[in-house]
Amino acid sequence: MIVFTVIFVLMGIIFDSGYMMPAFFMAGLYFIYTGFYKSGYDYTFEQEYFSVDTIYGKRRMRESQVLYYRNLEVIAPPDHETVLKYKKNGGTEKIKKYDYTSYEEDVPYYTVIIETEQEKGQEKKKIKLLMDLDEEILRMLKLRYPQKVFLQ
């Protein structure tokens, strides 16, 4: 996109100033796109809770979820028997899903079923998170919650 912008600016300087409008339009689209696209997720694990932050344009972070371990139901691979009842097609329970994976083929992801905290006028509800969790975090969670974390 930057290459086309430079080409249109040069064409506007050499030939006609009418080529400048597409150049400014493409430059504006480039800055808007790079500022607002999701480039990744950051997981923060504390003593009593964990949070998921969304990174926009490699510049800004916004907190997406704050969830407490006391409300954790299960952490397991997506094909584990404990989370099969929450699958989209064929599952018996329907819950809202949040996908925080990187979509890289060599990075395994895990399904986290957890209840949200009760807010004013809202009741607790279960949600499903898809997350890329590394071995260190999984070991720590397995030590704290051995009956709720399944690695295989």
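The legends below describe close-up views of a predicted model.

**View 1. Lys128, a buried lysine without a salt bridge.** Lys128 is found in strand β7, which spans residues 126-131. Although Lys128 is buried, it takes part in no salt bridge, and the nearest side chain of opposite charge, that of Asp99, is 9.6 Å away, whereas a salt bridge would call for a nitrogen-to-oxygen separation within 4 Å. A polar atom of the Lys128 side chain does, however, lie 3.3 Å from the backbone oxygen of Tyr86. Leaving aside residues up to four places away in sequence, Lys128 touches Tyr86 and Lys87, the run Ile95, Lys96, Lys97 and Tyr98, and also Thr111, Val112 and Ile113.

**View 2. Ile127, the buried neighbour of Lys128 in strand β7.** Ile127 has its place in strand β7 and counts as buried, at 1% relative accessibility. The C-alpha atoms of Ile127 and Ile113 are 5.9 Å apart in space, while the two residues are 14 residues apart in sequence. Not counting residues up to four places away in sequence, the contacts of Ile127 are with Gln65, Leu67, Ile95, Lys96, Tyr98, Val112, Ile113, Ile114 and Thr116.

**View 3. The salt bridge between Glu73 and Lys126.** The side chains of Glu73 and Lys126 meet with a nitrogen-to-oxygen distance of 2.8 Å, and the count of salt bridges in the model comes to one. Glu73 belongs to strand β4 and Lys126 to strand β7, so the pair ties together parts that are 53 residues apart in sequence. Both partners are partly exposed, with a relative accessibility of 29% for Glu73 and of 26% for Lys126.

**View 4. Lys125, in the loop between β6 and β7.** With a relative accessible area of 43%, Lys125 is partly exposed. Its contacts, not counting residues up to four places away in sequence, are with Ile114, Glu115 and Thr116. Lys125 and Leu72 are 53 residues apart along the chain, and their C-alpha atoms are separated by 12 Å.

**View 5. The largest nonpolar core and a second core apart from it.** The largest nonpolar core holds 21 residues, of which Phe45, Phe50, Ile75, Leu129, Met131 and Leu133 touch the most other members. Two or more residues are given to this core by each of the strands β1 (38-45), β2 (49-56), β4 (72-76), β6 (110-115) and β7, and by the helix α3 (135-144). Another core, of five residues, lies apart from the largest one and includes Val74, Ala76, Tyr86 and Ile113. In soluble globular proteins, nonpolar side chains tend to be buried together.

**View 6. Leu133 and Pro108, in contact with each other.** Not counting residues up to four places away in sequence, Leu133 touches Tyr43, Phe45, Ile75, Pro108, Tyr110 and Leu138. Pro108 lies in the loop between β5 and β6 and counts as partly exposed, at 48% relative accessibility. On the same basis for sequence neighbours, Pro108 touches Asp132 and Leu133. Pro108 and Leu133 are 25 residues apart in sequence, with a C-alpha to C-alpha distance of 7.6 Å.

**View 7. The buried and exposed sides of helix α3.** Ile137, Leu138 and Leu141 are the buried residues of α3. Seen down the axis of α3, these buried residues fall within an arc of 100 degrees, so they line one face of the helix. Glu136, Arg139 and Leu143 are exposed on the other side of α3. Of the buried residues, Leu138 is among those touched by Leu133, which is itself a member of the largest nonpolar core.

**View 8. Tyr103, a residue with a positive phi.** The phi angle of Tyr103 is positive, at about 65 degrees, although the residue is not a glycine. Tyr103 has its place in the loop between β5 (96-100) and β6, the loop in which Pro108 also lies. At 66% relative accessibility, Tyr103 counts as exposed.

**View 9. A polar contact between Thr54 and Ser64.** Thr54 has its place in strand β2 and is buried, with a relative accessible area of 3%. The side chain of Thr54 is joined to that of Ser64 by a polar contact of 2.5 Å.

Definitions and conventions: Residues numbered from 1 in each chain as written. Predicted model: local features only at pLDDT ≥ 70, side-chain atom pairs only at ≥ 80, totals over all residues. Heavy atoms only, no water. Helix = DSSP H or I, 4+ residues; strand = E, 2+ residues; numbered from the N terminus. Buried < 20%, exposed > 50% of the residue type's maximum accessible area, 1.4 Å probe, protein only. Lys, Arg positive; Asp, Glu negative; His and termini not counted. Polar contact = N/O pair within 3.5 Å; in protein donor to acceptor, adjacent residues only side chain to side chain. Contact = heavy atoms within 4.5 Å. Core = buried A, V, L, I, M, F, W, Y, C linked by side-chain atoms within 4.5 Å. Arc of directions from axis to C-beta.
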